[in-house]
Amino acid sequence: MPQIQLTPAQRKEHRSEAHHLDPVVMVGGDGLTANVKKEADAALNAHGLIKVRVFSDDRAAREAMFQTLADELNAAPIQHIGKLLVLWRPMPEREKTVDEDRMAGPRDIKVLKYSKRGGQRPEVKTLRVLGNQRLTAGGSVKRSKPKQISIKKQSQT
């Protein structure tokens, strides 16, 4: 597969994003095996931008590994500095599954509690309101009651 071609500005942006990353794939004394390629592919699918550490002292061998990984994994070679290789591939789109039975989750709501003394700042509280609760005008959380139907209306339906 052909590797992804990036502009120098895009490559620079990916280099800056990769600066704080730790290596997620290590290439040991056996070199570039099928298992290493499989792990690098899985890491690219999960993260998009990865660092690979090569424990080899031969610079030419590291360059060859860098180009081989980029070609076989359809990734863009971002940077080769020392024993670290940085690769990037766009992350695949993930399908979102929609659950029809899902209910509303908890919500975090900020409430201002004003002081009885006028000169003080209001206190900001963050309250978590669950799906079966409601927030009152006074700023407290109460359980929602189920809708009550009169006995007369129940008998009509």
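Beyond its neighbours within four places in sequence, R62 touches V54, S56, D57, H80, G82, K83 and L85. R62 belongs to helix 3 of this predicted model. Although R62 is buried, it takes part in no salt bridge. D57 carries the nearest side chain of opposite charge, and it is 5.3 Å away. A salt bridge needs a side-chain nitrogen of Lys or Arg within 4 Å of a carboxyl oxygen of Asp or Glu, so R62 and D57, at 5.3 Å, do not form one.

**Overall form**

The protein chain contains four helices and eight strands. Along the sequence these elements follow the pattern α-β-α-β-α-β-β-β-β-β-β-α. The radius of gyration of the protein chain is 28 Å, whereas a compact globule of 157 residues would have one near 15 Å. Along the principal axes, the C-alpha atoms occupy a box of roughly 85 × 55 × 30 Å. Of the 157 residues, 24% are buried. Among contacts in the protein chain with a separation of 6 or more, 55% are between residues 24 or more positions apart.

**Helix 2**

Helix 2 covers residues 34-47. Its 14 residues should span 20 Å at 1.5 Å a residue, and the C-alpha atoms at its ends are indeed 20 Å apart. Which residues of helix 2 are buried? They are V36, A40, A43 and L44. These residues cover an arc of only 100° around the axis and therefore lie on the same side of helix 2. The exposed residues A34, N35 and K38 are on the other side.

The buried residues of helix 2 pack against several elements: strand 1 (25-27), strand 2 (49-54), helix 3 (59-72) and strand 4 (84-88). Just after helix 2 comes G48, which has a positive phi of about 90°.

**Salt bridges**

The structure has five salt bridges. The table gives three pairs, including two with a partner in helix 2.

| Pair | Closest N to O distance |
|---|---|
| K37 and E72 | 2.9 Å |
| R89 and D41 | 2.8 Å |
| D108 and R128 | 2.9 Å |

K37 and E72 meet through their side chains. Because K37 lies in helix 2 and E72 in helix 3, this pair ties together parts that are 35 residues apart in sequence. K37 is partly exposed, at 23% relative accessibility. E72 is also partly exposed, with a relative accessible area of 41%.

What does the salt bridge between R89 and D41 join? R89 is in the loop between strand 4 and strand 5 (107-113), while D41 is in helix 2, so the pair ties together parts 48 residues apart in sequence. R89 is buried, with a relative accessible area of 11%, whereas D41 counts as partly exposed at 28% relative accessibility.

D108 and R128 form a further salt bridge. D108 lies in strand 5 and R128 in strand 6 (residues 123-129), so this pair ties together parts that are 20 residues apart in sequence. R128 is exposed, with a relative accessible area of 51%.

Technical notes
Residues are numbered from 1 along each chain as its sequence is written. This is a predicted model: local features need pLDDT of at least 70, side-chain atom pairs count only at pLDDT 80 or more; totals for chains, interfaces and linings use all residues. Side-chain values use heavy atoms; hydrogens and water are left out. Helices (H or I, at least four residues) and strands (E, at least two) are DSSP runs, numbered from the N terminus. The expected span of a helix is 1.5 Å times one less than its number of residues. Buried means under 20% relative accessible area, exposed over 50%, partly exposed in between (1.4 Å probe, protein chains only). The arc is that of the directions from the helix axis to the C-beta atoms. Contact means heavy atoms within 4.5 Å. Lys and Arg count as positive and Asp and Glu as negative; His and the chain ends are not counted. The radius of gyration is taken over C-alpha atoms; the globule rule is 2.2 Å times the number of residues to the power 0.38.
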